[in-house]
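Before you read on, please take a moment with the sequence and the structure shown below. The points that follow are meant as a guide for someone meeting this structure for the first time.

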Amino acid sequence: MRNAELTDALEEARETYAQRRPRSQAHHLDAARVMPGGNTRSVLFHGPFPFRVEQGEGCRITDSDGLTYVSMIGEYTAGLFGHSHPAIRAAVLRALDVGVNLTGHNALEADFARLVCGRFPAVEQVRFCNSGTEANLLALSLARIVTGRNTILAFEGGYHGSLFTFAAGPNPVNVPHRVVLARYNDPEGALALARAHAADLAAIILEPMLGGGGCIPASAPFLATLREAATEADALLIFDEVMTSRLAPGGLHGALGLTPDLVTLGKYVGGGMSFGALGGGAALMARFDPRRGDAVGHAGTFNNNTLTMSAGIAALSEIYTPEVAIAHNVRGDALRAALNARAQAHRLPMVVTGRGSMMAFHFTEAPPRDAIEAAAGDQGLKELLFLDLLERGWYVARRGMVALSLMVGEAERAGFVEAVDEFLALRGPLMRA
Ligand code: PMP
């Protein structure tokens, strides 16, 4: 009965969505002639067809049919500065004045590197690249080179870029590393697996909070066990902080007082331009030193591109200062608490997990502790939440994720809580078992 009602509600919501967006639909069909499914970035696709964004300003975007939304997803954490931050704009214009594609070391890259190293405790030296995907692939290769081993221990639900993802088991497009998968937040299981593969273990890689996998924080004992397991096996512990580094001034590892051997960065650190970075202790990073006879090569035409370097300098030095990072994540904690309080007031099985400015909705009785528990939540309700919120002018990720940008103000946060409350009031009957 409930399932049939949910199916009806979803069909109606999809129909309303489609009726209000004829221009986006036409653009989608047109684009599908030259891009498979009209898409070049899988996460952005959703049924019945994705809307096309024509413009963004502050925390708002407007689609081809003139509908405006408050973006609560903030480019999956990369859009921390909103769509038109004046300091980012000025930094990009300064870079254009200096010139692009200089084909040489430039005046910006070492300044940016100093800021990154000064910020994240585990990062004494850094290499820049163009995406989080690339940063993680580089980290895994370095781990294999320095250990002379091949096995990588990763976690179910982990996302380390388009070519190394375990959102629903290994993705067929993954690079062919030898991977063993453990359950997130299961210290005993991970330790047993690390020990079983110790002789060939090159690295343990994880996000210190699952991001795309549902904003599920790692428990302290879990992370401590992984640190010990890596040390015991002489393998490297890699923290993928592409998303989570925004959660505290020194990244999540800084907040937790843990020292991974390597840290990968991406997203907002480049001020919203294409960005990735790999950092770690100076002794490890020295393998990239081209003055050494045994140097590991690491090329990349755009690694030091002036647009990213300049925007990144503005991002870390002018905008996302340590004080701002703390305040922003306090706001996120308050928003998450307010959303959970509404679900509890309605006595409905919805929980919002996360930390600071990153959070995700789950239609489960209790907060999921790993990707498997998260997947057991009602996925139909997630789609309904997504569509219902869009109709009210709020854009969250189709998978239920929220990443607050600095442009989302008090009024927007309060409005969002009310919009979710309306959803709970309207759809509550579908959620009660
Ligand atoms: N690692 C994590 C934890 C991520 O969330 C992402 C992107 N969503 C990546 C790596 C890959 O970054 P990019 O999309 O820049 O390749």
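1. A useful place to begin is a pair of strands: S5 (residues 151-155) and S7 (residues 201-206) run parallel and are joined by three bridges. Within this pairing, Thr151 has Leu201 of S7 standing opposite. Please keep in mind throughout that this is a predicted model.

2. Both strands belong to an open sheet of seven strands with mixed pairing, whose order reads S4-S12-S11-S10-S7-S5-S6. Strand S4 (125-129) and strand S6 (178-182) stand at the edges and have a single partner strand each, so that one side of each is left without a neighbour in the sheet. On average, and with direction ignored, neighbouring strands of this sheet are turned by 20° against each other. As general background, strands of a sheet pair through backbone hydrogen bonds, in either a parallel or an antiparallel manner.

3. What lies across S5, S7 and strand S10 (236-240)? It is helix H7 (residues 220-233), which runs at about 165° to S7.

4. A further helix pair deserves attention, namely H3 (residues 86-98) and H10 (residues 306-319), whose axes come within 8 Å and cross at roughly 145°. The crossing in which H3 passes H10 is right-handed. On the side of H3, the contact is made by Ala87, Ile88, Ala91, Val92, Arg94, Ala95 and Leu96, while H10 contributes Thr306, Leu307, Ser310, Ala311, Ala314, Ala315, Glu318 and Ile319. Sorted by class, the residues of this contact of H3 with H10 are eleven nonpolar, two polar and two charged.

5. Turning to enclosed space, the count comes to two cavities of 30 Å³ or more. The largest cavity holds about 40 Å³ of space, and its lining consists of Val43, Leu44, His46, Tyr76, Phe386, Tyr395, Val396, Ala397 and Arg398. Seven of the residues in the lining of the largest cavity are nonpolar, with one polar and one charged residue besides.

6. How do the residues lining the second largest cavity divide by class, and which residues are they? The second largest cavity, with about 30 Å³ of space, is lined by Cys59, Ser71, Gly74, Gly79, Gly82, His83 and Ser405. Six residues of the lining of the second largest cavity are polar, one is nonpolar and none is charged.

Key:
Residues are numbered from 1 along each chain as its sequence is written. This is a predicted model: local features need pLDDT of at least 70, side-chain atom pairs count only at pLDDT 80 or more; totals for chains, interfaces and linings use all residues. Side-chain values use heavy atoms; hydrogens and water are left out. On a 1 Å grid over the protein atoms alone, a cavity is a set of points where a 1.4 Å probe fits but cannot get out, and a pocket is an open set with protein on both sides within 12 Å along at least five of seven lines; lining residues have an atom within 4 Å of a point. Grid points are joined across faces, edges and corners, and a volume is the space filled by probe spheres set on the points. Ala, Val, Leu, Ile, Met, Phe, Trp, Tyr, Cys and Pro count as nonpolar, Asp, Glu, Lys and Arg as charged, and the others, Gly among them, as polar. Axes are lines fitted to C-alpha atoms, for helices over the stretch in contact, and angles run from 0 to 180 degrees between N-to-C directions. Helices (H or I, at least four residues) and strands (E, at least two) are DSSP runs, numbered from the N terminus. A crossing is left-handed if the near helix is turned anticlockwise from the far one by less than a right angle, and right-handed if clockwise. Contact means heavy atoms within 4.5 Å. Two strands pair if DSSP finds at least two bridges between them.
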